[in-house]
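Welcome to this guided tour. Please open your viewer, and we will go from one selection to the next together.

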Amino acid sequence: MKTDILKKLVQNGAIWGFILLQLVFFELAGRYWAGSSTTFIDLDNLLLLLKQSAPIGIIAVGMTIVMVNGNIDLSVGAIYALCGIVLLDSLGWPMMEAMGDGAIPLAMLIALATGCVLGLINGLIVWKTGVDAFIVTLGAMLGYRGLVFMYNGEQPTSNLNWTMVDMAEWGIFGIQTPALVLLFVVLVVWLVMTRTVHGRNAYAIGDNREAAVNAGIRVGPHMLINFAVIGFLAALSAVVFYSGSGSVNPNDGMLFELWAITAVVLGGTKLTGGKGSIIGTLGGVIAIQLLRRGLNHIGADTETVNIVIGTILIVVLLLDRQLNRKASGELKV
Amino acid sequence: MADTAIKTFGGLLARQGILVAFILFMVGFTLWNPRFIDIDNVFGVIRSSAILGVMALGVTFVVIGGNLDLSVGSMLSFSAIVVLDLHENPAFGPALAIPAMFALTLCLGAINGFLVGYLRLNSLIVTLGMLSAIHGLTLTWSGGQNMDIADQGATWFGVFGRGTALGIPIPVLIFVALAAFLGILLAKTPFGRKVYAVGGNPTAATFSGIPRARVVFLTYLISAFCVAVAGLIQASRTMGAQNTVGQGLELEVLAAVILGGASLLGGSGTIFKTVIGVLILGFIQNGLLLAGLQFYVQFVVTWIIIILAVWLDIATKRGKLWSPIA
Amino acid sequence: MTGQTPALRLDGIVKDFPGVRALDGVSFTVMPGEVHALMGENGAGKSTLMKVLGGIYQPDAGRIYIAERETRMKGPLEAKANGVMFIHQELSLAQELSVAENIYLGELPRKSFGRVDWPTLYARTDAILEKLRVGFTARTRVGELSIANQQMVEIARALTVDAKAVIFDEPTASLTDAEKVVLFDVIADLKAQGVGIIYISHRMEEIFRITDRISVLRDGEYRGTLDTAQTDETEVTQMMIGRKLDLSRSAATVEPGPVALRVEGLSCGTLFRDATFEVREGEVLGFYGLVGAGRTEIAETLFGLRKPTAGRIFLKGEEVTISSPIDAIRKGISLVPESRKEQGLVLGMNCRDNITLPQVADLTAGPFVADGAEISIYDQYRDRLSIKSPSWRTLVGNLSGGNQQKIVIGKWLSMRPEVLIVDEPTRGIDVGSKSEIHNLLRDLARQGYAVIVISSEMPEVLQCSDRIVAMYNGTIMREFTAEEVTEDSLIQAISGLNSGAAA
């Protein structure tokens, strides 16, 4: 019984507890150990943290729904870079330039549509060929990255549009656009996954595919939608980020897929599908970003972040297994 | 008669599809540009594929054993940085730097192997975590700086990456020798058989008295060993390295292994097929370059080829082109 | 009940599999408001019949009528649409979803924008759950429920549609006595609503408690229907077993040799308790009992796959501990496991490699596997067990079930064990291969092996064994010698009917 409560706590609240622990730790360590003059738990600092979480965070939300569905998407980093290029490049088309600032929403739409299409391609291949999503998106990761390079060679694509920069830096109550978009995406996708038939069916498919099929749920369309959504979200992430930065390096977004998966797993989503929450993923994203900033705050080398995150990921896995191990009757196989 | 011919050809395609594709590809390109199979060009391709190839040899063991290793890319950066740093350390020098680097890299492989083999944790997440952790370790080791050999003329260290023997580049010799050795290990020894059994059906392997944990552990050690070799070639060729030299390689390596026909579910694949997979990637890149196209076109081509290859494979197995997913 | 329209009528159902006729003209009728038991030994065709009813298999001949309307079931969905519902032995629930979502899986009520209509969903579910008088709510996560309660969720699913017929497949296998009472109440309710119920079980006690009629299948054939009130266990048992059993074994038993394996008071948690038995060289010891009675678990413990919580094991008089399969193999114990495909074989490997797998490390010439030695072992056991395979290169996955099983047996024989444990030696194997394997097991005993045969098929244990241990619910109820054993006493011992007479 005691392990039951512990288990529930660890599964549902662990990531927030961990975040709290980090906040306290970095505050205290910063003050008494590193002798930092600034406080860590500071509104501006935390808002900045949320803003910095946005690019990976938005993608991680998409990764959550794909993984809940029992798939994975390794191509998000390449989609991110490609959509960034589409956004900035399309603004430079003669037709678009003629439209002035009116071209901005159109360019964003084009970029978002591109992301959707790239996601749909992945989804269609997974659905129609039956090739494992891991392989399909591994291939796409290379393929889409190739398209990124084909766009502009190894040169960065730049187009700093000050209206867009203003949009990216706009904010209310000190919360800037990227953070707002992240929170909005979390809210919407959370609603979709918890309240709609599509969301619930996606869980069912990842949980027990055979039962879902037997109950007449069509697996293919649901997978397709989820791949389109993650493509869209990768594009959205690019729109949010590159509006402000104005320059895409062809290597941008590399390893994003791995960071997103890390955040998703930290947030409690099961690799095998069927279980996971959008809110948990938000926690995972924040926890990683907090770790970066926190270690920076106490003067630790930034490289330590990688070691700590890697270790935490493995420890989480170990804890999860210990807690979920069947009480008895398990074969030593 | 025609039927049998189609069946035979279909069967051949199913079993050796990737080899057939490779040969067709080579013939096609050679007809178009005879320089393609010029001996220098071939050596050039193999040499430039050697690092990826050597890593793929090790990952093949891990994948046949039913697991993944996503940490090989950052492990490569680690081994290159470490060997270069120790090389510059007067207490070590090249003769000691190399074995020390191998020992350290093998330790990392042992951690992977322990976590996946003995603790039975999910290999995707474990090696993902290790990817991050090793990257951090590398940065800590190097202090974020690039590593360079100061006096390149004074060391024999460059031999692994730049040397030739009998007119053959040393990296090519290393790749071929390692492929032969590991190919025999996998195909001809009891250990190799156990790797297939553990990957093919871990439960049945346990019921047959095969120490599954130890076998998995050893596959990760082999993978780490190959990374160390690749890191040595890398460091020796460039006599310097960035902290991120191996970044992203883990997935390219995996692509080569899958292209060779190893199943991610474990239990199938061979070293020979992986070598073919590596060569296909290498020759595509080379062929496209000869055709005047940029190197990155190969990414797109690789994407299409990987999906077609795996699709062809499973379509022949299920006897239907399209998946039965509703 | 005459004059009513039958809820479900089967007429001459035939289903062929390569080499076997699994169902041979099965016909029977289930009336509305009737609980109809379907009985038969393992392999008699019950599960095939259920798959035909569920639309998973298409019959090769024969018709299915639901409320006298001929119906073709093309898949599980169609079965459901026609009012045929299944309560499966293996649960098919999504563990992370709520009870309500599982019950209405694939049919969640909708509002605008594809939203789930939760109030309706919960209201409908609660109404059903109320009928079932369960202790959980529509919002409970299924993964938190006990197996019994999960079974209740499956049953609730059957109540969401206007079911004409509900099929219970061994529903009590994992239920406690209190939970069984609830289940039987639910069945009574369904019955009162005029639903036709097919109840599949091996447990006589339950059959006689709740069913109205009993139909018996044997070797894929329909053997007749009995009124429960007018029959008894003996008659049913005889119908199931059919022909007067040929108890004359293939060869006269040799005088058993010294004790090869002795087990004293072996226990493993709640799986089995206080097991004491011995097996001698040159003798076959049969273990008989229902699935879940603890037989397989004893075998797994002897093979080092489970850690015993109490008890001692003696091999040739010497006390041993067995810590792993490697250890067991080294000490001369071999296990032909219960599940051929999951535990016995690497299906993607060829025949030769599978046979030599446990000893591949010893079959070497220098550092390499000795091809010749391997092939000669394969040839030897191919001939000895008459394995039919095109070549040693053939992948085991491409062989028939019988030949696959021979490969597994060959694998363990080639280890020359002191004690050979065979768990369900003929599950899913056609009749011809069955008797071959039975003869083989007898032969092995004659050659001096100590053999333990675990089976849930009575003819098999009766035919093969010199002595039979009957298990029920984790306990050894009784030990019989071949001379004294009767089918009745054996059935009673494994159904827990005469628990007073435990040995």
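Start by selecting chain A and colouring its residues by how well they are covered: of its 333 residues, 56% count as buried. Keep in mind as you look around that this is a predicted model.

**Stop 1: chain A as a whole**

Switch to a cartoon view of chain A, and you can look for 14 helices and four strands. Now show just the C-alpha trace of chain A and turn it about: along its principal axes it spans about 70 × 60 × 35 Å. How does the radius of gyration of chain A agree with that of a compact globule? A compact globule with 333 residues would have a radius near 20 Å, and chain A has 21 Å, so the two agree.

Next, think about which parts of chain A touch. Take the contacts between residues at least 6 apart in sequence: 79% of them join residues at least 24 apart.

**Stop 2: the surface and charges of chain A**

Turn on the surface of chain A. About 13,500 Å² is exposed, and carbon and sulfur atoms supply 65% of that area. Then pick out the charged side chains of chain A, 19 positive and 20 negative. The centres of these two sets lie 16 Å apart.

**Stop 3: where chain C meets chain A**

Now show chain C together with chain A. The contact takes 25 residues from chain A and 26 residues from chain C. The size of an interface is often given as the accessible area lost when the parts come together. Here, about 2,000 Å² is buried between chain C and chain A, with 59% of it from carbon and sulfur atoms. Select C:Glu96, C:Leu105 and C:Leu305: they supply 24% of the area that chain C buries against chain A, more than any other three residues.

**Stop 4: two backbone angles in chain C**

Most residues other than glycine have a negative phi. With that in mind, zoom in on C:Glu68, in the loop between β4 (61-66) and β5 (69-70) of chain C. Its phi is positive, near 65 degrees, although C:Glu68 is not a glycine. Is C:Glu68 buried or partly exposed? C:Glu68 is partly exposed, with a relative accessible area of 36%.

For the last selection, go to strand β12 (residues 272-280) of chain C, where C:Asp274 lies. C:Asp274 is not a glycine either, yet its phi is positive, about 50 degrees. C:Asp274 has a relative accessible area of 54%, so it counts as exposed, the cut-off being over 50%.

Technical notes:
Residues numbered from 1 in each chain as written. Chains lettered and ligands numbered in written order. Predicted model: local features only at pLDDT ≥ 70, side-chain atom pairs only at ≥ 80, totals over all residues. Heavy atoms only, no water. Rg over C-alpha atoms; globule rule 2.2 N^0.38 Å. Buried < 20%, exposed > 50% of the residue type's maximum accessible area, 1.4 Å probe, protein only. Contact = heavy atoms within 4.5 Å. Areas by Shrake-Rupley, 256 points an atom, 1.4 Å probe, with all protein chains shown as cover. Lys, Arg positive; Asp, Glu negative; His and termini not counted. Charge placed at Lys NZ, Arg CZ, Asp CG, Glu CD. Buried area = accessible area lost by both parts, 1.4 Å probe.
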